Amino acid sequence: MRVSGYRYLIALLLIGWGCPALAASDAPVDQTTIEMNRKANEACYACHSAAGIAKPPKADIDMSKLKDSRLEPTIYNPSDHGVMDCRECHSKTHYTDYPHAEAGKSETVGCTACHAAKVLRLEPQFNASVHAKVQGVKEKFTCFTCHNPHINIVQKRLQDPAKIVAQDNHGCLECHNSSEMFAKFAPEGEKTPGLKKLRPDIDTIHDWLPNAKAHWQSVRCIECHTPEVAENKMLSHEILDKEKSEKKCLSCHSANSTLKARLYRHMVKDEQQKYGFTNSVLLSNSYIIGATRHPLLDSIIIALVIATLLGVLLHGAIRIVMSLRRKKEESQ
Ligand code: HEC
Ligand code: HEC
Ligand code: HEC
Ligand code: HEC
Ligand code: HEC
Ligand code: HEC
Ligand code: HEC
């Protein structure tokens with residue numbers, strides 16, 4: 001994706017001039033507006049939901065095009081944009097009637113319209129990603145490729161690591177685990193001119209990782225495929241290639257786990273505010289070998305070490321005594 005410079009400039013100028021009506025923003029939405037928006041959206045769910053598709057408000061509507069849509073108030077409402085009127089992103093005027101006017105399609109706004117500052121920060125990382133380097137992939141890759149604006153929930157609101165992993169990995173696996181989807185984006189293969197490059201199997205690529213499938217459940221692709229991140233900084237949007245990706249087990253499986261600044265970032269922050277340390281975040285979510293310091297386990301291990309040492313000493317002592325005795329017997 002390319003968002004041209006002049007659009008930033010216009011967005012920033014509008015914000016700078018304090019022109020809230022023209023420059024949309026991601027400022028929190030108040031409760032009355034939320035209720036009003038949700039009421040307005042009911043008109044859309046009359047068709048855009050499982051119930052609507054099963055029983056359209058008018059006869060003779062071809063609902064087959066909506067089959068793949070995952071729109072549903074129970075999914076949309078808790079999402080990042082669930083407080084908004086659908087028409088803040090989809091043309092204000094063209095979706096009030098059905099059939100929708102053709103012009104509506106071209107009026108859907110991009111992320112920059114409301115998140116200019118964040119896009120400004122992300123764009124250089126996004127453009128340095130593996131996906132922006134391959135001809136044929138680059139042109140098709142946009143923010144929507146990974147972000148479903150009707151469903152996604154930002155990490156700090158999701159909290160539960162299992163849900164964060166499921167959501168964020170879904171974005172990557174949608175292509176990297178589906179040959180059909182991968183082919184829609186893949187470039188031509190070097191050895192197969194005219195044909196799409198085949199999708200490498202995700203588990204085979206990572207066969208150096210023990211139980212890769214278990215890792216996909218507990219850790220995100222971006223944990224290893226984005227550059228190191230400072231605490232309190234947003235994760236980078238630069239997806240790294242295979243040479244630069246993280247392969248060291250100890251980056252996660254150690255007391256100083258990188259996951260504290262990544263997957264567990266917001267939980268760690270909460271816990272540090274409460275207790276001043278972060279051990280239990282790692283313990284309560286999963287026993288990550290090496291990353292957690294468990295006092296009882298530690299005591300058991302220390303006890304075992306002492307017992308082994310004592311055993312060795314005792315053994316040695318008995319042998320010395322026995323040999324002395326033997327010598328004494330021989331000399332007699
Ligand atoms: C028409 C304006 C608009 C557009 C376009 C838009 N957003 Fe938003 N976005 C918002 C608003 C408003 C909120 C905050 C809602 C609230 O009060 O919680 C938000 C919240 C978010 C959040 C949660 C942020 C946080 O810190 O809570 C993320 C992430 C996000 N948007 C990503 C995107 C992405 C990615 C796109 C493009 C695919 C996009 N948005 C397009 C208006 C917009
Ligand atoms: C009477 C049924 C119905 C209602 C009500 C309805 N839609 Fe649709 N909508 C459809 C169908 C069917 C499609 C599939 C494409 C088509 O047939 O035009 C669609 C397609 C869309 C699309 C995809 C782009 C496009 O233009 O084809 C968007 C966006 C959309 N609707 C938004 C909305 C919004 C926002 C509302 C509420 C303000 C709404 N729709 C209300 C039936 C409806
Ligand atoms: C934050 C902006 C935003 C909001 C709010 C939003 N949409 Fe969308 N919607 C988009 C974008 C962007 C696309 C195009 C995605 C793409 O090109 O892949 C889209 C695509 C669609 C489509 C066509 C693809 C599909 O998923 O079926 C429909 C239908 C649709 N939206 C309906 C709605 C309805 C109904 C609502 C409110 C309940 C809504 N949208 C709220 C941004 C938004
Ligand atoms: C390759 C997939 C991918 C693409 C493409 C992508 N993102 Fe993201 N984005 C993610 C993932 C995964 C996260 C969650 C990581 C995190 O919590 O920071 C995320 C997080 C975000 C956040 C939330 C950060 C926060 O903590 O507040 C914003 C905002 C965002 N992306 C905007 C964008 C915009 C704008 C674009 C287009 C320029 C874009 N993204 C393109 C995968 C992607
Ligand atoms: C829409 C489909 C799609 C999505 C979503 C997607 N990718 Fe890709 N990815 C591709 C394609 C196509 C290529 C290019 C393949 C090639 O040229 O070898 C690629 C290339 C890559 C490569 C480079 C492989 C190499 O040769 O070094 C990595 C790493 C990668 N993706 C990781 C990710 C991660 C991590 C995510 C999620 C944050 C993600 N991808 C999301 C389609 C996708
Ligand atoms: C534990 C760290 C880690 C995780 C988690 C991880 N990767 Fe990787 N990935 C790597 C490393 C390291 C390589 C390079 C492997 C090599 O050179 O043998 C790699 C290679 C790749 C490649 C390049 C394939 C090629 O040879 O062209 C793709 C694509 C990829 N990963 C996608 C993903 C996706 C999608 C996910 C999430 C499901 C993911 N990775 C999760 C570390 C990781
Ligand atoms: C990006 C962080 C990360 C990296 C890098 C990483 N791991 Fe893991 N690993 C995890 C997490 C998180 C778990 C899940 C703990 C749980 O829920 O049981 C895990 C689980 C495991 C498990 C238990 C799997 C099972 O069967 O349940 C083993 C064994 C393991 N890792 C070994 C390794 C080895 C060896 C490497 C290096 C080649 C490695 N890991 C690299 C994060 C990582």
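This short presentation describes the surroundings of ligand 6 and ligand 3 in a predicted model.

Good morning, colleagues. I shall begin with ligand 6. In this predicted structure, ligand 6 is surrounded by 18 residues. His-206, Cys-221, Cys-224, His-225 and Lys-242 are the closest of these.

Polar contacts come next. His-206 places a polar side-chain atom 2.8 Å from a nitrogen atom of ligand 6. For His-225, a polar side-chain atom likewise lies 2.8 Å from a nitrogen atom of the ligand. Lys-242 addresses an oxygen atom instead: a polar side-chain atom of Lys-242 lies 3.2 Å from an oxygen atom of ligand 6.

Which elements give two or more residues to the shell around ligand 6? They are helix H8, spanning 161–176, helix H10, spanning 202–205, and helix H12, spanning 221–225. As for the make-up of this shell, 10 of its residues are nonpolar, 4 are polar and 4 are charged.

Let me now turn to ligand 3. Here 14 residues form the surroundings, and those that come nearest are Ser-69, Cys-86, Cys-89, His-90 and His-150.

Two histidine contacts can be described at this ligand. A nitrogen atom of ligand 3 has a polar side-chain atom of His-90 at 2.8 Å. His-150 also has a polar side-chain atom 2.8 Å from a nitrogen atom of ligand 3.

How many nonpolar, polar and charged residues does the shell around ligand 3 have? There are 8 nonpolar and 6 polar residues, with no charged residues. The shell around ligand 6, to recall, has 4 charged residues.

Thank you for your attention.

Methods:
Residues numbered from 1 in each chain as written. Chains lettered and ligands numbered in written order. Predicted model: local features only at pLDDT ≥ 70, side-chain atom pairs only at ≥ 80, totals over all residues. Heavy atoms only, no water. Near = heavy atom within 4 Å. Polar contact = N/O pair within 3.5 Å; in protein donor to acceptor, adjacent residues only side chain to side chain. Helix = DSSP H or I, 4+ residues; strand = E, 2+ residues; numbered from the N terminus. Nonpolar A, V, L, I, M, F, W, Y, C, P; charged D, E, K, R; others polar.
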